[in-house]
Amino acid sequence: MSDIEEPDLHEVARKLFSGPIAFLKSAPSLQFLPDPDASEVAFAGRSNVGKSSLLNALTNRRDLARTSNTPGRTQELNFFDVGDPLRFRLVDMPGYGFAKAPKDVARKWRYLVNDYLRGRQALKRALVLVDSRHGIKDIDREVMTMLDEAAVSYHLVLTKADKNKASDLAQIEAETAREALKRPAAHPEVLATSSETGLGIERLRGAVLEAVL
Ligand code: GTP
Ligand code: MG
């Protein structure tokens, strides 16, 4: 599949994401990870940034991944199989930086996410989600630095773009892209998305597919 031309990529992505997609399993700790028999793309980002919602938008399913108004909804690594036969996996993860989580719980999530991101051979790309109203925070930079040091390729994705004024969004996009360019493992392109309106979702599908080809 690696010889797919650009226009075909979106068509293949469209078919794959409208075809069979199924929840595989939840891993509360690393010993429960599935066998690494498919490439993985994982959703990382601060608590409540919109990881689970974006996974649902990407797969065009409402409730595949559970979402919530309150931070701390996703508490395990959740694996979803895309394609039948299996083509790749999407991984929804707990968020970081949730101030109200009990300290030991926050630490457990942090270790789980960091160990997975740093050590998983099957992980082809991390999507690092950033709220488009706030831009990159120091806690995101810590994760980005960890990914840079572990040479894990990642793509910065702005979320909730529908909540932002167009001019503010353009400014945050430019600032985020400037930071991405300085990062060795970051994809130079920043994707602005909205799970509500569908903005940027098709491009994100293409980017995910590109990462696993
Ligand atoms: P945790 O699992 O707790 O880390 O959160 P998460 O990053 O998975 O966020 P989740 O998808 O649960 O969304 C958090 C809240 O943001 C929910 O109330 C969503 O409805 C809302 N939300 C997510 N994406 C968007 C978006 O694109 N636009 C708008 N307006 N709201 C969104
Ligand atoms: Mg979630």
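User: What makes the space taken by ligand 1 stand out among the pockets?

Analyst: In this predicted model, the space that ligand 1 takes is the largest pocket.

User: How do you know which residues surround ligand 1?

Analyst: A residue belongs to the surroundings if one of its heavy atoms lies within 4 Å of the molecule. By that test, 22 residues surround ligand 1, and the closest are Lys51, Ser53, Asn69, Gly72 and Asp162. This shell divides into 13 polar, 7 charged and 2 nonpolar residues.

User: Why is the pair between Ser53 and ligand 1 called a polar contact?

Analyst: The cut-off for a pair of N or O atoms is 3.5 Å. An N or O atom in the side chain of Ser53 is 2.6 Å from an oxygen atom of ligand 1, so the pair is within the cut-off and counts as a polar contact.

User: What do the backbones of Gly72 and Gly50 add?

Analyst: A polar backbone atom of Gly72 is 2.7 Å from an oxygen atom of ligand 1. For Gly50, a backbone N or O atom lies 2.9 Å from an oxygen atom of the ligand. Both pairs pass the test of 3.5 Å, so they are polar contacts too.

User: How much of ligand 1 does the protein bury?

Analyst: Taken alone, ligand 1 exposes 650 Å², and the protein buries 90% of that.

User: Let's turn to the rings. How many aromatic pairs are there, and why is the one between Phe17 and Phe88 called edge-to-face?

Analyst: The count is 3 aromatic pairs. In the pair of Phe17 and Phe88, the ring centres are 5.9 Å apart, and the limit for pairing is 6.5 Å. Their planes stand at 65 degrees, and over 60 counts as edge-to-face, so this pair earns that name.

User: What makes this pair a tie between separate parts of the chain?

Analyst: Phe17 lies in helix 1 (residues 6-18) and Phe88 in strand 4 (residues 88-92), so the pair ties together parts that are 71 residues apart in sequence.

User: What is special about the peptide bond from Asp84 to Pro85, and where is Pro85 found?

Analyst: That bond is cis, with omega near 10 degrees. Pro85 is found in the loop between strand 3 (77-82) and strand 4.

User: And what about the phi of Ala151?

Analyst: Ala151 is not a glycine, yet its phi is positive, at about 55 degrees. Ala151 has its place in the loop between helix 4 (138-150) and strand 6 (154-159).

Technical notes
Residues numbered from 1 in each chain as written. Chains lettered and ligands numbered in written order. Predicted model: local features only at pLDDT ≥ 70, side-chain atom pairs only at ≥ 80, totals over all residues. Heavy atoms only, no water. Polar contact = N/O pair within 3.5 Å; in protein donor to acceptor, adjacent residues only side chain to side chain. Areas by Shrake-Rupley, 256 points an atom, 1.4 Å probe, with all protein chains shown as cover. 1 Å grid on protein atoms, 1.4 Å probe; cavity = no way out; pocket = protein on both sides within 12 Å on 5 of 7 lines; lining within 4 Å. Sits in = over half its atoms within 2 Å of the grid points. Nonpolar A, V, L, I, M, F, W, Y, C, P; charged D, E, K, R; others polar. Phe/Tyr/Trp six-rings, centres within 6.5 Å; stacked < 30°, edge-to-face > 60°. Helix = DSSP H or I, 4+ residues; strand = E, 2+ residues; numbered from the N terminus.
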